[in-house]
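Please open the structure in your viewer and keep the selection tool at hand. We will go from one selection to the next, pausing at each to see what is there.

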Amino acid sequence: MNPVRSVVRGPQCAVRGPRLGLGARAVPSSATVSTDLDDIARSFDRRAPNYRRNEWHRRSAERLVALTPLRAGDRVLDACTGTGFAALAAARAVGGEGHVDGVDISAGMLREAQASLDGSGLGNVELIQADASHLPQFSSSTFDAVTCATGLLYLPYARALREWHRLLTPHGIVAFSNMAAGYPRAAAIFRECAGALGIALADPTAPLGTASACRTALEETGFTVEKIVSEAIEFSDDDLRLAWESNFGSVAYAAARALPEPQQHALRSGFLAALEREPRESLRRAEMLYVVAHR
Ligand SMILES: C[S@@+](CC[C@H](N)C(=O)[O-])C[C@H]1O[C@@H](n2cnc3c(N)ncnc32)[C@H](O)[C@@H]1O
């Protein structure tokens with residue numbers, strides 16, 4: 001396990017701008033950052049054109065697949081496939097005899113995935129627009145493995161895990177990744193800055209943000225945990241340059257986008273100034289949990 005700098009907590013954000021007088025309206029802490037699938041799809045449709053510039057997503061999705069014991073010929077469901085990083089890596093791992101179904105709710109993300117797939121030479125991936133927590137089109141015991149890279153936080157996780165349990169063959173593998181609670185640091189600063197304007201945003205990584213929370217969720221669904229690997233992930237300069245866009249555009253932070261324009265400007269300048277004050281090292285590194293279990 002790589003050493004990870006502990007999350008620095010504390011007031012980082014001095015936002016200049018009128019508070020809204022709403023009190024700090026906490027968005028209820030829940031595994032579901034929004035219950036509205038259209039909302040989630042729209043949010044990722046907006047992020048899709050730039051998503052692949054966030055290089056860390058590719059690295060962490062490929063790392064999840066590398067930690068998943070896939071065999072040649074396996075049939076894999078890649079839930080929340082996004083632009084297809086994990087789906088393509090899994091397709092290479094299972095080879096021509098195997099097959100990957102990549103499921104995502106966002107048509108925009110799937111268009112990006114299709115573009116990657118078209119240039120990949122792979123013929124064993126199908127992309128499907130659907131809710132990954134409810135897949136009645138697939139019969140029980142269809143898949144040898146389900147992968148889900150940094151997607152479970154957007155789903156009602158207990159329902160998704162139950163559905164994947166149904167879809168897996170006996171001893172089938174489920175593998176997912178989730179950032180540890182409090183990471184990435186830029187998102188925590190964004191929430192602090194929103195808090196200074198009277199908007200309390202919950203940390204969307206928190207519900208599955210510890211090894212013990214992941215273990216409990218899996219065991220409650222009937223899975224047996226094989227390993228939980230906690231590793232540092234490093235953000236590039238390009239990733240950090242996208243910090244405003246990714247946080248302000250996040251489906252988890254819709255309340256920030258609902259702010260009147262002057263407060264949005266105050267949030268942006270307060271956030272960017274707080275990022276400047278933060279040690280680069282703390283912005284660059286985050287802790288990722290990779291979880292592998294079997295039915
Ligand atoms: C942070 S992205 C991760 C994408 C990809 N797995 C990766 O590692 O780059 C989360 C993805 O989950 C998808 N998503 C969110 N809720 C979903 C749902 N209920 N069903 C299917 N996909 C969903 C989003 O559209 C988005 O593409």
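What covers the buried residues of H1? Keep in mind that the model is predicted, and begin by selecting helix H1, residues 37-51. Its buried residues are Ile40, Ser43, Phe44, Arg47, Ala48 and Tyr51, and what covers them includes H2 and helix H4 (107-118). While H1 is still selected, look at Asp45, where there is a kink of about 30°, shortly before the proline Pro49.

Next, select H2, residues 55-67, which has 13 residues and spans 19 Å from its first C-alpha to its last, close to the 18 Å expected at 1.5 Å a residue. Within H2, colour Ser60, Ala61, Leu64 and Val65, which are buried. These residues lie on the same side of H2, because they cover an arc of only 140° around the axis. To see what covers the buried residues of H2, add to your selection H3, strand E5 (143-148), strand E6 (168-179), strand E8 (224-234) and strand E9 (285-294), which are among the elements that do so.

Finally, select the ligand and the 24 residues that surround it, of which the closest are Phe44, Cys80, Gly82, Ser106 and Ala149. You have already met Phe44 as one of the buried residues of H1, and H1 supplies the largest share of the shell around the ligand, namely three residues. H2, helix H3 (85-94) and strand E3 (99-104) each supply at least two residues of this shell as well. If you colour the shell by class, you should find 14 nonpolar, eight polar and two charged residues.

Definitions and conventions. Residues are numbered from 1 along each chain as its sequence is written. This is a predicted model: local features need pLDDT of at least 70, side-chain atom pairs count only at pLDDT 80 or more; totals for chains, interfaces and linings use all residues. A residue is near a molecule or strand if its C-beta atom, placed from the backbone, lies within 6 Å of it. Helices (H or I, at least four residues) and strands (E, at least two) are DSSP runs, numbered from the N terminus. Ala, Val, Leu, Ile, Met, Phe, Trp, Tyr, Cys and Pro count as nonpolar, Asp, Glu, Lys and Arg as charged, and the others, Gly among them, as polar. The expected span of a helix is 1.5 Å times one less than its number of residues. A residue is buried if 20 or more other C-beta atoms lie within 10 Å of its own, exposed if 12 or fewer, and partly exposed in between; C-beta atoms are placed from the backbone. The arc is that of the directions from the helix axis to the C-beta atoms. Two residues are in contact if their C-beta atoms, placed from the backbone, lie within 7 Å. The bend at a residue is the angle between axes fitted to the seven residues ending there and the seven starting there.
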